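Student: I work with force fields and want a close look at one part of this model: the backbone around its strands, with the unusual torsions and the packing. Please take me through it in one go.

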Amino acid sequence: MQKIILFSMLFSTSLFYSQAQISQDNFEGNSTISTWFGDDCGMDINFINPHQTGINTSAKVMKYSDIGGTYANVRFDAGFNFNLASSSVFTLKIYVPSSGITGNLTNQISLKLQNGGLSSSWTTQCEIIKPIVLNQWQTITFNFATDAYINMNPASGNPINRFDFNRVVIQINGENNNSQVVSYIDDFLYSGTAFNSGANSIYNNLVWFDEFDGNGAINSSKWHHQTQLPNGISWYNGEKQHYTNRQINSNQSNGSLNIVAKKETFTDQGQTKLHTSARLNSKFAFKYGRVVVRAKLPTGIGTWPAIWMLGKNITEPGGFWASNFGTTGWPACGEIDIMEHWGSNQNYVQSAMHTPSSFGGTTNLGGQTVANASTQFHIYSLEWSPSSMTFSVDNIVHYFYNPAVKNASTWPFDAEQYLLLNVAIQSNIASDFIQSTMEVDYVRVYQQAPLSVLNENKKSKFLLFPNPTSDKLTLKNSDRNIETKAKIYSVLGQEINSIILNENETIIDVSKYKNGIYLIQVFNESGAETYKFVKQ
């Protein structure tokens, strides 16, 4: 465990890079896609190419047969989240014979990106529609940085600023119709980078952690046992347990924290309950950063483990911060649910936001199915910036919260929050339940290093001009004959572009960048230097 932390600290002040990923299929054995699926249509991914002409003489293709299905499409899940800010282009070849079409619909092809981790994945959709011509192979390019797009939710914003897309949907001649289409698809390609909430983050300076390397009692300098019944009778949400400070309910062993929910009769504060567990508050609060928790979840109908956060200003009785900082009730203090899991829905984990605009049965949520959530460790992460929240499991993003209007009602997240770990017992707890444990390997909080944004070298070998700029940025290199490359990042740490620099000067087109501050990190044999420029 200590070796892992040391490695993390050694690299805490450097910028990390996205992992290269390719989604491709030529339907002749060269494929990274194994999850093709046809919705309301016929699909054959091993079909003999009936039109070996023009730009496509390959032997096999995908046959797509919309036989009148209202929402016919083919799709696949990539297994990673697309980093559209870095790589925004999808291409494919298509042939649509006129003999395979009924009705009089506009001949077109749609490529839709969705978050496949959600049961209602279409609600996250961003779509590009392109015209097609009949009776010939053609290459269609979908560029989410430059093409006109349609968001299912108009408030979703620009797709290149989102990192929750991991599903591709292809549809011919639109939806909500019963017309028929036969088409052939080949050479699908996305060559880019995967979004990794840690690898793309400016929050890479480790500021607080617990590796749970002790034995016995938890570290009381880092955690507070919250045991007081907030209303003197029970906990919220109809929970049935007492939270205790006993080691039988929370302890360290073998490098892990164990929060143990048990069936036992226990009386405290004048109330007798049939189950016990533990609820821990961190004695550390922070604003903005990245939370990473590696955990194995309990199991059993009625168990409800959570990794979450509350505003430091909450007035909840018995909380560590309430007596000195409590000024605001729930939900005005803001609640961030990094991970919740219900034993009645095994292996589905959810993240959610509770604010005055939506709380309790909030609409601000997303989740994904995590295989073996209760038998294997998984990494649950939150990235909290001044403008958005990104939630992921094992670096697969399933929810992105970025309200268009940020005010006290939608965004009470401009103040410090603290962490909570607990396992609650619901009223539907199984009668044969005895005990189950949430096992936590580590909790780590990263924030922005003091120099990570404005780390400009006083003795720079490079000159940037004009700065600010509206369209072109010139990098002039005073140290010639050195092979040099550069990477451009948004101020939130997302990689935008990667460039090989010329010997003397390089002109970079930034005209399509959104207005704001950007970082450019330049690499050569002597190391790396970071500069900033302003796009206006």
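Tutor: What follows goes from the whole chain to the sheets, then to the odd torsions, and ends in the cores.

The model is predicted. Start with the chain as a whole. The protein chain holds 2 helices and 37 strands. Of its 536 residues, 55% count as buried. Take the contacts with a separation of 6 or more: residues 24 or more positions apart account for 72% of them. The exposed surface comes to about 22400 Å², and carbon and sulfur atoms supply 50% of that area.

Now the sheets. One open sheet has 3 strands, in the order β31-β32-β35, with antiparallel pairing. β31 (462–465) and β35 (505–509) each have a single partner strand, so one side of each is left without a neighbour in the sheet. From one strand to the next, the twist averages 20°. Look at the pairing inside this sheet. Strand β32, residues 472–477, is joined to β35 by 5 bridges. One residue pair to pick out is Leu-475, whose bridge partner in β35 is Thr-506.

A second open sheet has 6 strands. Their order is β2-β5-β12-β8-β9-β11, and the pairing is again antiparallel. Here the edges are β2 (37–39) and β11 (150–151), and each pairs on one side only. Strand β9, residues 126–131, meets β11 through 2 bridges. Glu-127 stands opposite Ile-150 of β11.

Turn next to β19. Strand β19 covers residues 271–277 and pairs with strand β16, residues 241–243, in the parallel sense over 3 bridges. With strand β18, residues 256–268, β19 pairs in the antiparallel sense over 5 bridges. His-275 is a useful marker for both pairings. Gln-241 has His-275 as its bridge partner in β19. Lys-263 stands opposite His-275 as well. β18 and β19 form a hairpin with 2 residues between them. In that turn, Gln-269 has a positive phi of about 55°. A regular strand also has a simple side-chain rule: side chains alternate between the two faces of the sheet.

That brings us to the torsions. Most residues other than glycine have a negative phi, and most peptide bonds are trans. Several places here depart from that pattern. Which residues in loops do so through phi? One is Phe-27, with a positive phi of about 60° although it is not a glycine. Phe-27 sits in the loop between β1 (19–25) and β2. Phe-27 is buried, at a relative accessible area of 4%. Another is Phe-212, with a positive phi near 55°. Its loop runs between β14 (205–210) and β15 (223–225). Phe-212 counts as buried too, at 1% relative accessibility.

Two peptide bonds are the next items to check. The bond from Trp-330 to Pro-331 is cis, with omega near 10°. Pro-331 lies in the loop between α2 (322–325) and β23 (335–341). The bond from Phe-465 to Pro-466 is also cis, and its omega is near -15°. Pro-466 is placed in the loop between β31 and β32. That links this bond back to the sheet β31-β32-β35.

Last, the packing. In soluble globular proteins, nonpolar side chains tend to be buried together. The largest nonpolar core here has 51 residues. Within this core, Tyr-380 and Met-389 touch the most other members. Strand β30, residues 435–447, gives the most to the core, with 6 residues. What does Met-389 touch, leaving out residues up to four places away in sequence? Its contacts are Ile-336, Met-353, Leu-382, Glu-383, Trp-384, Tyr-399, Phe-400, Tyr-401, Trp-411 and Phe-413. Another core lies apart from the largest one. That second core has 37 residues, including Phe-80, Ile-101, Phe-144 and Val-168.

Technical notes
Residues numbered from 1 in each chain as written. Predicted model: local features only at pLDDT ≥ 70, side-chain atom pairs only at ≥ 80, totals over all residues. Heavy atoms only, no water. Pairing = 2+ DSSP bridges. Helix = DSSP H or I, 4+ residues; strand = E, 2+ residues; numbered from the N terminus. Axes fitted to C-alpha atoms, helices over the stretch in contact; angles between N-to-C directions. Buried < 20%, exposed > 50% of the residue type's maximum accessible area, 1.4 Å probe, protein only. Core = buried A, V, L, I, M, F, W, Y, C linked by side-chain atoms within 4.5 Å. Contact = heavy atoms within 4.5 Å. Areas by Shrake-Rupley, 256 points an atom, 1.4 Å probe, with all protein chains shown as cover.
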